[in-house]
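Colleague: Got a minute to walk me through this one? I'd like the overall picture, then a few residues.

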Amino acid sequence: MDIPIMLVCAVITIGFLVFIHEGGHFLAARAFGIRVTEFMLGLPGPSVGFTRGETRFGVTAVPLGGYAKVCGMEAGPLQPHLQEVLAALYRRGTANMEDVARDCGISDDAAYEALEELVEWGSVVGPQKADQFNTYRAPRVAPTKRQLKKAAAAGAPALPSYELGEARPVHDERALYESEYRQQYRSLPFWKRSIILLAGIAMNLLFAMVVFILVFSVIGFQVAHPETGEVTTIHASVLQALQAGFMYIGMVVQAVAGLFNPATAAQTVSDSTSIVGIAVMSKDFFQAGLVQGLEFMAMISVSLGIMNLLPIPPLDGGRFVVEIFQKGTRRTVSQKAMNYMSMAGMALFLGFFVIMLNQDIQRFVFGNW
């Protein structure tokens, strides 16, 4: 029964912390009017869930990790012909790539590249499994009650509704394109993009600080008298709890920084743990009680946040460094370069994961560590 309990504890711990991390990205993006088409717990793949507004919320088949799909985050310059391709598809509602190319007077390849970028924007729905050709569709449009009330209060015409793939009039191609572009991450200034990138890390650290205040100030912690052994509950001030939280964050920062020091890198990796170690420790902490379980989640939350600050794509810190580079040099990093950097980063983390997984198996399964 230990293994199922460990798995449940690990999924709850990681799932919740990823939820608040991705929730930070989601809330920041929506606060700036940026479209988010998916908010999922788990690795990309088959999922179950529901759609609210333009966002699909759900859980995938592998409930480890998670992601919020913020539209317009793809690197590289904009594809040409986006404006006319968007208008052509909306007028048709449903169309093959060749139909759009013919309507716009461009090559099939140019139409395909523009349509694929519009899919990434959430402005167009891409081909489905049942489609025999590269068939694209205009998205479903269903105004919310709040939007309808706002339009009615302003005396504006009723907002139209359209089903998936239904044709719709386009009176002003430029206005349609600009409306869609304003909902893209790439349309934002540098400081707003930075907030979206760092919002997940901020949420992880904020959660940890709230837990520190709750545990040390509200619930209190028990201390045994060195002579009598009498146990008393002490409630620290909020300021003291915050100080303890910042001290712990500083310790984690120092430990993570040890990865970049050749003299301490090996020891830092040796002291780290993988999903196996988190599963074992989460079971032990949760079985020890609610307070211990909260403390463990706060510690993992800090580690998750600080690790995401590492300047390695595809982590948030890596993307932030790319944003700084683009801002400083006024040059756009190509999608090809981003893909190479992301693959290198994933290879590095895969190496760390294999090493830490072996350590945890030796430590917790065979007891050889």
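Modeller: Sure, and a convention on charges to begin with: Lys and Arg count as positive and Asp and Glu as negative, while His and the chain ends are not counted. Also keep in mind that this is a predicted model.

Colleague: OK, so how far apart are the mean positions of the positive and negative charges?

Modeller: They are 7 Å apart, with 28 positive and 30 negative charges in the protein chain.

Colleague: And how many helices and strands are there in the chain?

Modeller: The protein chain has 13 helices and eight strands. Its C-alpha atoms fill a box of roughly 85 × 50 × 45 Å along the principal axes.

Colleague: What share of the residues counts as buried?

Modeller: That's 39% of the 369 residues. As for the surface, the protein chain exposes about 20500 Å², and 63% of that comes from carbon and sulfur atoms.

Colleague: What about contacts between residues at least 6 apart in sequence: what percentage join residues at least 24 apart?

Modeller: In the protein chain, 63% of those contacts do.

Colleague: Let's go inside. Which residues touch the most other members in the largest nonpolar core?

Modeller: Leu17, Leu205, Phe207, Val211, Ile249, Val302 and Ile306, out of 26 residues in that core. The elements giving two or more residues to this core are helices H1 (2–31), H7 (190–219), H8 (238–257) and H11 (290–307).

Colleague: Which of them gives the most?

Modeller: H7, with eight residues. There's also a second, separate core of 24 residues, which includes Leu82, Leu86, Leu89 and Ala114.

Colleague: Back to Ile249 for a second. What is Ile249 in contact with?

Modeller: Leaving aside neighbours within four places in sequence, Ile249 contacts Leu205, Met209, Val302 and Ile306.

Colleague: Now the polar ones. Where is Glu323?

Modeller: Glu323 is in helix H12, which covers residues 316–329.

Colleague: Buried or exposed, and why?

Modeller: Glu323 counts as buried because its relative accessibility is 6%, and the cut-off for buried is under 20%.

Colleague: Which side chain does the Glu323 side chain make a polar contact with?

Modeller: Arg193, at 2.8 Å. Beyond its neighbours within four places in sequence, Glu323 is in contact with Tyr185, Phe190 and Leu197 as well as Arg193.

Colleague: I was also curious about Asp103. How many Å apart are Glu323 and Asp103?

Modeller: They sit 36 Å apart, C-alpha to C-alpha, with their positions 220 residues apart in sequence.

Colleague: Fine, let's switch to Asn308. Which loop is that in?

Modeller: Asn308 is in the loop between H11 and H12. With 11% relative accessibility, Asn308 counts as buried.

Colleague: What does the Asn308 side chain reach?

Modeller: The backbone oxygen of Leu304, at 3.0 Å. Not counting residues up to four places away in sequence, Asn308 touches His21, Ile201, Leu315, Asp316 and Gly317.

Colleague: Last one, Thr55. Which strand is Thr55 in?

Modeller: Strand S3, residues 55–60. Thr55 counts as buried too, since its relative accessibility is 5%.

Colleague: And which backbone oxygen does the Thr55 side chain reach?

Modeller: That of Val36, at 2.4 Å. Setting aside residues up to four places away in sequence, Thr55 touches Phe26, Val36, Thr37, Glu38, Phe39 and Phe50.

How values were computed: Residues are numbered from 1 along each chain as its sequence is written. This is a predicted model: local features need pLDDT of at least 70, side-chain atom pairs count only at pLDDT 80 or more; totals for chains, interfaces and linings use all residues. Side-chain values use heavy atoms; hydrogens and water are left out. Helices (H or I, at least four residues) and strands (E, at least two) are DSSP runs, numbered from the N terminus. Buried means under 20% relative accessible area, exposed over 50%, partly exposed in between (1.4 Å probe, protein chains only). Contact means heavy atoms within 4.5 Å. A polar contact is a pair of N or O atoms within 3.5 Å; within protein, one must be able to donate a hydrogen and the other to accept it, and residues adjacent in sequence count only if both atoms are side-chain atoms. Accessible areas come from the Shrake-Rupley method with a 1.4 Å probe; for residues, only the protein chains shown count as cover. The place of a charge is taken as NZ of Lys, CZ of Arg, CG of Asp or CD of Glu. A nonpolar core is a set of buried Ala, Val, Leu, Ile, Met, Phe, Trp, Tyr and Cys residues joined through side-chain atoms within 4.5 Å.
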